[in-house]
Amino acid sequence: MELSDLAPPGTVLIPILDRGQSVALHPLEAELVARAGDKRRRDFALGRACARAALAALEFPEAPIGRAESGMPLWPQGVVGSITHTSGLAAALVGRGSEFRALGIDAERSEAMDETLAPRLFVPSELALLSALDAPRRREMATLLFSAKEAYYKLFHPLTGRRLDFRRLEIVPGASGFTARQPQEPDGWAEPIAGRFAVMDGLVVTVIGLSVS
Ligand SMILES: CC(C)(COP(=O)(O)OP(=O)(O)OC[C@H]1O[C@@H](n2cnc3c(N)ncnc32)[C@H](O)[C@@H]1OP(=O)(O)O)[C@@H](O)C(=O)NCCC(=O)NCCS
């Protein structure tokens, strides 16, 4: 399976493997990381390169992608999208605002997952799921649940401007997809949002999209 196959229909997902290739930044984007260290500048540039390639694939004109104070990318008019980077890989998921309210993508390496954080990240149903697995499967599942929450946050924040307590978000994984749902005050649950994932050699990638209804 190719990572680009995870893209919801109508969106474009572009991954780039970091092979030390040169990557150009728009001057307005370069300003955003002018004082950052080398690794941060490299990650930022690779993510922006993925985003630019995705915009071109959707036939949007070339434009710089800014950054809000919260860190979320500022897309050109009519575009929604999301960016991720992890060691050796960056990816962007981009769609049309006429078709999607928001998109989220996240990539995590399972070797980097700190399982001691589980009680601060996961709801009881997720903790129960993890406790039934042997150690290697548990690490992979914890990475998947965490990545799905990060992807959801990247969709949720641009829509609401809010932060999110991950213990107020339940991920229910299936064979190649998951649903994400939040409790709705005063009781009950908001409509679940469906996502997809891929796991390959310790790399977990999750994507989620909310269509314009
Ligand atoms: C912002 C966050 C989602 C980034 O995820 P990450 O796995 O650390 O890093 P990734 O490389 O996958 O993603 C980084 C990209 O996310 C995007 N991003 C950053 N802040 C964002 C936000 N508020 N909304 C949407 N996207 C955001 C940016 O595009 C960024 O890349 P860029 O700076 O090069 O443009 C994460 O650091 C975070 O804050 N998560 C929510 C934490 C939280 O509320 N936790 C509660 C635990 S109880």
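This is a tutorial dialogue on reading a predicted model of a protein with a ligand.

User: What should I know about the model before I start?

Analyst: It is a predicted model, where local features need pLDDT of at least 70, side-chain atom pairs count only at pLDDT 80 or more, and totals for chains, interfaces and linings use all residues. Residues are numbered from 1 along each chain as its sequence is written, and side-chain values use heavy atoms, with hydrogens and water left out.

User: Okay, the ligand then. Which residues come nearest to the ligand?

Analyst: The general idea: a residue is near a molecule if one of its heavy atoms lies within 4 Å of it. Here 21 residues surround the ligand, and R40, R48, T84, H85 and E150 come nearest.

User: How is that shell made up by class?

Analyst: Start with the classes: Ala, Val, Leu, Ile, Met, Phe, Trp, Tyr, Cys and Pro count as nonpolar, Asp, Glu, Lys and Arg as charged, and the others, Gly among them, as polar. In this shell, nine residues are charged, seven nonpolar and five polar.

User: And how do I read a polar contact?

Analyst: Look for a pair of N or O atoms within 3.5 Å; within protein, one must be able to donate a hydrogen and the other to accept it, and residues adjacent in sequence count only if both atoms are side-chain atoms. For the ligand, take H85: an N or O atom of its side chain sits 2.8 Å from a ligand oxygen. The side chain of K154 also has an N or O atom 2.8 Å from an oxygen atom of the ligand. D106 puts a polar side-chain atom 2.9 Å from a ligand oxygen.

User: How much of the ligand does the protein bury?

Analyst: Areas like this come from the Shrake-Rupley method with a 1.4 Å probe; for residues, only the protein chains shown count as cover. The ligand on its own exposes 920 Å², and 79% of that is buried by the protein.

User: Which elements give two or more residues to the shell?

Analyst: First, how elements are named: helices (H or I, at least four residues) and strands (E, at least two) are DSSP runs, numbered from the N terminus. Around the ligand, those elements are α2 (38-57), β4 (79-86), β6 (100-109) and α5 (135-160). Helix α5 gives the most, with four residues. You can also look by domain, with bounds from an automatic or database domain assignment: domain 1 (3-105) and domain 2 (106-200) each contribute at least three residues to the shell.

User: T84 was among the nearest residues. Is T84 buried or exposed?

Analyst: The cut-offs go by relative accessible area: buried means under 20%, exposed over 50%, and partly exposed in between (1.4 Å probe, protein chains only). T84 has 3%, so T84 is buried. T84 belongs to strand β4, and its side chain reaches the backbone nitrogen of A107 at 3.0 Å.

User: What about the nonpolar core?

Analyst: A nonpolar core is a set of buried Ala, Val, Leu, Ile, Met, Phe, Trp, Tyr and Cys residues joined through side-chain atoms within 4.5 Å. The largest one here has 28 residues, and those with the most contacts inside it are F122, Y152, L164, I171, F178, A180 and I208. At least two residues each come from α3 (118-121), α5, β8 (177-181), β9 (193-200) and β10 (203-211). Helix α5 is the top contributor to this core, with eleven residues.

User: Helix α5 keeps coming up. Which side chain does H157 make a polar contact with?

Analyst: H157 is in helix α5, and its side chain makes a polar contact with the side chain of S70 at 3.1 Å. H157 counts as buried because its relative accessibility is 11%.

User: Now backbone angles. Why would a positive phi catch my eye?

Analyst: Because most residues other than glycine have a negative phi. E59 is one exception, with a phi near 65°. E59 sits in the loop between α2 and β2 (66-67) and is exposed, at 72% relative accessible area. D201 is not a glycine either, and its phi is about 50°. D201 lies in the loop between β9 and β10 and counts as exposed, at 82%.

User: Last one. How far apart are the C-alpha atoms of A54 and V12?

Analyst: The general idea is to set separation along the chain beside distance in space. A54 and V12 are 42 residues apart along the chain, and their C-alpha atoms are separated by 5.7 Å. A54 is in helix α2 and is buried, with a relative accessible area of 0%. For P64 and R162, the values are 98 residues in sequence and 25 Å in space, C-alpha to C-alpha.
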